[in-house]
Amino acid sequence: MGSLKNEEEMEPIGGESSRDAVLYVNGVRRVLPDGLAHLTLLEYLRDIGLTGTKLGCGEGGCGACTVMVSHYNEVLKKCVHYAVNACLAPLYSVEGMHIITVEGVGSRKSGLHPVQESLARSHGSQCGFCTPGFIMSMYALLRSSELPPTEEQIEECLAGNLCRCTGYRPIIDAFQVFAKTDDAFYTNTSSSDLQSGEFLCPSTGKPCSCKSKGLNGAETCKKSTANEHNYEPVSYSEVDGSTYTDKELIFPPELLLRKLTPLYLNGFGGLKWFRPLKIQHLLELKAKFPDAKLVVGNTEVGIEMRLKRIQYKVLISVAHVPELNVLHVKDDGLEIGAAVRLSELLQMFRKVINERAAHETSSCKAFIEQIKWFAGTQIKNVACVGGNICTASPISDLNPLWMAAGAKFQIIDCKGNIRTIMAENFFLGYRKVDLTSGEILLSIFLPWTRPFEYVKEFKQAHRRDDDIAIVNAGMRVFLEEKGEDLVVSDSLIVYGGVAPLSLSAVKTKEFIIGKNWDQELLQGALKFLEIDIFLKEDAPGGMVEFRKSFNT
Ligand SMILES: Cc1cc2nc3c(=O)[nH]c(=O)nc-3n(C[C@H](O)[C@H](O)[C@H](O)COP(=O)(O)OP(=O)(O)OC[C@H]3O[C@@H](n4cnc5c(N)ncnc54)[C@H](O)[C@@H]3O)c2cc1C
Ligand code: FES
Ligand code: FES
């Protein structure tokens, strides 16, 4: 029977009651026993026989382990659905939630779900190892979208899924059938309805303009080719889901009525797992266990524990502490709780750029661009802002931007005292920040930009999607009108990937302040940047000349 193993121990800390730890998997209720805090969701799913979810990389990079998590969001007052990498999700982090795996979507026995059918018809699977992950990413997008997604959203949602044999074109083509479109070609239009000169491409079933000439000049797209007798082009209109006889799994009513409770559970090797629901309880736990690791997405801690074999004794899941989840639009800027997930932050940025004056949201636009190239969707759906900041990775994509944008961090200690520090002064060294063991990051304040104040992001990686940066940067410049000229009144330029910490280009800043905003300033600034951002021949990470070329 799963429950809080030792309620007496919980009482003096949180004073909150508890009960069975429960999880639903594909509509089936499961009580989670105590003692499994060391397990990932993936290990649990495969242990109970759901082996459709695969273990590929085990570090959030391939998407083979993708499942959909649903839970009731108390603030939004609705169920939210999103894709996660089960290989990084701690089992107890999904307590009180509903997990849908590929087995819960559709099967050959009960009929393939349209997402599965479309992939099969488009030849989007070969060895099939990656296939459940692709299916779940697409399925989660459809379940979470109120309107049909755009083609761009479909491509974005697959950025965290890798396929090593099929190639991405058939996979993307298979899923584009679900994209928002008013194009009649995607309904019941037959090729005879197409305008003259247009064809249905046999490989995709879509209208295509290539007229696909074979090597000998013959048109190969037309049904009248020699292939006629042995090849029937697949039309997307055939993927109508009529073979799918299962009902879509609903959100379990028990979970709608059931309020989350604080948790205290255990795992192998004396590992303790806490889930406080109030800031007071969290601070008491932090006072009792100063070395405890706070966990939200586990995309850093999980890698440290599993791949780097670092042993943490106490993990505190802070994903449900309300004070750490605030997202407030204020007169002077945006207040962002440290546990806010990157996908939520992205949505908020998109909302404010539509609602506020254009000059106020230059930082928000830079963050939107940077988050676009930050990991895959499954990671962004769980990874929090505070986790990225406090890890203080020298290649963090967001820390140079927080610094450049003039963000302030609010820090709270075990006694509830709050202090504020400029992001610029928070990073002290390699993965070292200005936090004592009794302190945690509470929230981030991002000020609106002023007229003539501009923030810009930069990221260079080996590949565009889902890759860590070789060099990245955040830059801000505030210009003032002086007569006919625009003069730099304030600025901050911060580079990542060039030093043990996100590095501020101090001399460059000093040089440009007070100067006219023109070509001459740019040429001068580049000279100072070479001094500020100095990479030795043997700098860690290599590729010194290549990396330098981005700074100058
Ligand atoms: C596949 C993959 C791709 C990635 N791609 C990128 C990328 O493109 N760019 C990039 O910058 N990063 C990337 N990362 C890094 C990672 O996703 C981020 O650092 C993430 O934001 C961490 O958030 P989390 O919630 O998962 O942190 P967790 O692992 O849960 O916690 C991380 C650390 O932060 C501490 N912490 C968390 N909250 C607080 C708080 N409130 N106060 C004090 N300490 C706190 C924890 O104690 C822990 O030490 C990637 C990671 C993976 C696995
Ligand atoms: S196994 Fe590769 S992302 Fe989980
Ligand atoms: S079909 Fe083999 S990895 Fe994708």
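1. Among contacts between residues at least 6 apart in sequence, 65% join residues at least 24 apart. This figure, like the others in this note, comes from a predicted model. The chain has 552 residues, and buried residues make up 53% of them. Its secondary structure consists of 17 helices and 22 strands. The accessible surface amounts to about 25,700 Å², with 53% of that belonging to carbon and sulfur atoms.

2. The surroundings of ligand 1 come next. There are 30 residues around ligand 1, and those that come nearest are Lys293, Val296, Thr299, Glu300 and Asp397. By class, the shell holds 15 nonpolar, nine polar and six charged residues.

3. Three polar approaches to ligand 1 can be listed, each to an oxygen atom of the ligand. For lysine 293, a polar side-chain atom lies 2.8 Å from such an oxygen. For cysteine 384, the atom concerned is a backbone N or O, at 2.9 Å. For lysine 459, a polar side-chain atom lies at 3.3 Å. As for cover, ligand 1 taken alone exposes 1,000 Å², and the protein buries 91% of that area.

4. Which elements supply at least two residues each to the shell around ligand 1? They are β10 (293-295), α13 (385-391) and β18 (439-447). Of the elements, α13 gives the most, with four residues. In terms of domains, the shell draws at least three residues from domain 1 (22-176) and at least three from domain 3 (322-548).

5. Arginine 356 sits in the loop between α10 (342-355) and α11 (362-372). It counts as partly exposed because its relative accessibility is 25%, and the partly exposed class lies between the limits of 20% and 50%. The side chain of arginine 356 makes a polar contact with the side chain of glutamate 360, at 2.7 Å. Beyond its neighbours within four places in sequence, arginine 356 is in contact with Val329, Lys330, Asp331, Thr361 and Trp448. The pairing with tryptophan 448 spans 92 residues in sequence, while the two C-alpha atoms are 9.5 Å apart in space.

6. Tryptophan 448 also appears among the contacts of glutamate 453. Glutamate 453 belongs to strand β19 (residues 453-461). Is glutamate 453 buried or exposed? Its relative accessibility is 7%, so glutamate 453 counts as buried, the limit for that class being under 20%. Not counting residues up to four places away in sequence, glutamate 453 touches Ser362, Trp448, Arg476, Val477 and Phe478. Trp448 is thus a contact of glutamate 453 and likewise a contact of arginine 356.

7. Asparagine 85 is found in strand β4, which runs over residues 78-85. Why does asparagine 85 count as buried? The reason is its relative accessible area of 5%, given that buried means under 20%. With its neighbours within four places in sequence left aside, the contacts of asparagine 85 are Gly60, Gly63, Cys65, Thr66, Gln378 and Ile379.

Note on methods. Residues numbered from 1 in each chain as written. Chains lettered and ligands numbered in written order. Predicted model: local features only at pLDDT ≥ 70, side-chain atom pairs only at ≥ 80, totals over all residues. Heavy atoms only, no water. Near = heavy atom within 4 Å. Polar contact = N/O pair within 3.5 Å; in protein donor to acceptor, adjacent residues only side chain to side chain. Areas by Shrake-Rupley, 256 points an atom, 1.4 Å probe, with all protein chains shown as cover. Nonpolar A, V, L, I, M, F, W, Y, C, P; charged D, E, K, R; others polar. Domains from an automatic or database assignment. Buried < 20%, exposed > 50% of the residue type's maximum accessible area, 1.4 Å probe, protein only. Contact = heavy atoms within 4.5 Å.
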